Amino acid sequence: MELSELIREGSFSPSPAAVEVLLGSDAEAREALFARARRARAETTGDKIFLYGFVYFSTWCRNDCNFCYYRRDNDIARYRKGPDEVVDAAERLVASGVNLVDLTMGEDPEYLREGHRTATAIIREIKERTGSPVMVSSGVVPARTIREFAEAGAEFFALYQETHNRELFARLRAGQDYNGRMESKLAAKAAGMFIEEGVLTGVGETPSDLCDSLIEMGRVGAAQMRAMSFVPQSGSPMEGRAESDRVTELVFIALMRVLYPHALIPASLDVDGLSGLAPRIMAGANVVTSIVPPRLGLRGVAQADLDIDEGARTVAGVSEALKTLGLRPATTAEYRERLAEISRLIP
Ligand code: SF4
């Protein structure tokens, strides 16, 4: 039986051979997968799409990931936003209608020296002022610090392995500890937080690696799972590498949706801006991430500036785009209901 028929009939499970076909020339199988992913999303979250605001509050980092623009050895302009600026950005985002504020930083030595007391205080203040759900993307930090984040009220801890192939991990995240990174996620889960796991696509992963990542995301108990296409970053060791064609990201989004219908799966605005939203949503994503308040000097990760100061990465811009797809932004009450449901489903 053709792969597209297997997918349509629901008797498909991802194997390296099937993933290879999906990434290759079989466009009919890919479309069947995307259609099945959309059905799975409709059955769990209907026409609702969750919106996340993004505050990248420190672009300093002690690490030297080979794919990253903000790696330690890249000679670039950096910033470290003060607590008042971070809280102000978060308040603007919540007022505009986001369902969660994602507080992201590099592994900034300044914040690390402070034992993250400043980051914890920022979380507490945002919770007090807005009541909004909060995600912390702080990089690897001690379990004690993660517990402080949880006690301050943060619901989510995001930490991306980027690959579950240890050799590829060592090439991407040079000098970092694979197990330590996994343990940080488990520490967050033990502290009662939801966790987000993620992969980077287009960095030399094989179909077998992708299948392993699908399994690991479930094994670690991720409530949110993301795939993001590699974008070459100037000044980084991977600058000369070809840009990813996006097919792998879209297929991986759809596979995550089919395997984990309950999961929160982002369509990030960070790779292709607002014009990249529709294909990711059509592949089964149910979250829009990287909504950034314009003109505050905040940056993205994969695309530092794309669509930010033009005001396209806003709730208004995203809502219009969703309407054309027959979807709508969720309310924060609906987002909380989703989180409650996920906590019942994930042990
Ligand atoms: S990916 Fe994160 S940890 Fe790695 S260099 Fe960039 S900011 Fe630092």
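This is a short tour of a predicted model, from the whole chain to one strand and then to the ligand.

**Whole chain.** Start with the protein chain in cartoon view. The protein chain holds 15 helices and nine strands. Along the principal axes, its C-alpha atoms fill a box of roughly 60 × 40 × 40 Å. The radius of gyration is 19 Å, which agrees with the value near 20 Å for a compact globule of 347 residues. Colour by burial next: 59% of the 347 residues count as buried.

**Strand S8.** Select residues 287–291, which form strand S8. Five of the five residues are buried, so strand S8 is largely enclosed by the rest of the structure. Buried here means under 20% relative accessible area.

**Partners of S8.** Add residues 48–58, strand S1. Strands S1 and S8 run parallel and are joined by three bridges. To find the register, show Phe-50, which stands opposite Val-287 in S8. Then add residues 266–268, strand S7. Strand S7 also pairs with S8 in the parallel sense, over three bridges. Here the residues to show are Ala-267 and, opposite it in S8, Val-288. While side chains are on display, recall that in a regular strand they alternate between the two faces of the sheet.

**Ligand.** Now move to the ligand, which sits in the largest cavity. Which residues surround the ligand? Select Cys-61, Asn-63, Cys-65, Phe-67, Cys-68, Arg-71, Gly-106 and Arg-173 and show them as sticks. Coloured by class, this shell has four nonpolar, two polar and two charged residues.

Conventions: Residues are numbered from 1 along each chain as its sequence is written. This is a predicted model: local features need pLDDT of at least 70, side-chain atom pairs count only at pLDDT 80 or more; totals for chains, interfaces and linings use all residues. Side-chain values use heavy atoms; hydrogens and water are left out. Buried means under 20% relative accessible area, exposed over 50%, partly exposed in between (1.4 Å probe, protein chains only). Helices (H or I, at least four residues) and strands (E, at least two) are DSSP runs, numbered from the N terminus. Two strands pair if DSSP finds at least two bridges between them. A residue is near a molecule or strand if one of its heavy atoms lies within 4 Å of it. On a 1 Å grid over the protein atoms alone, a cavity is a set of points where a 1.4 Å probe fits but cannot get out, and a pocket is an open set with protein on both sides within 12 Å along at least five of seven lines; lining residues have an atom within 4 Å of a point. A molecule sits in a cavity or pocket if more than half of its atoms lie within 2 Å of its grid points. Ala, Val, Leu, Ile, Met, Phe, Trp, Tyr, Cys and Pro count as nonpolar, Asp, Glu, Lys and Arg as charged, and the others, Gly among them, as polar. The radius of gyration is taken over C-alpha atoms; the globule rule is 2.2 Å times the number of residues to the power 0.38.
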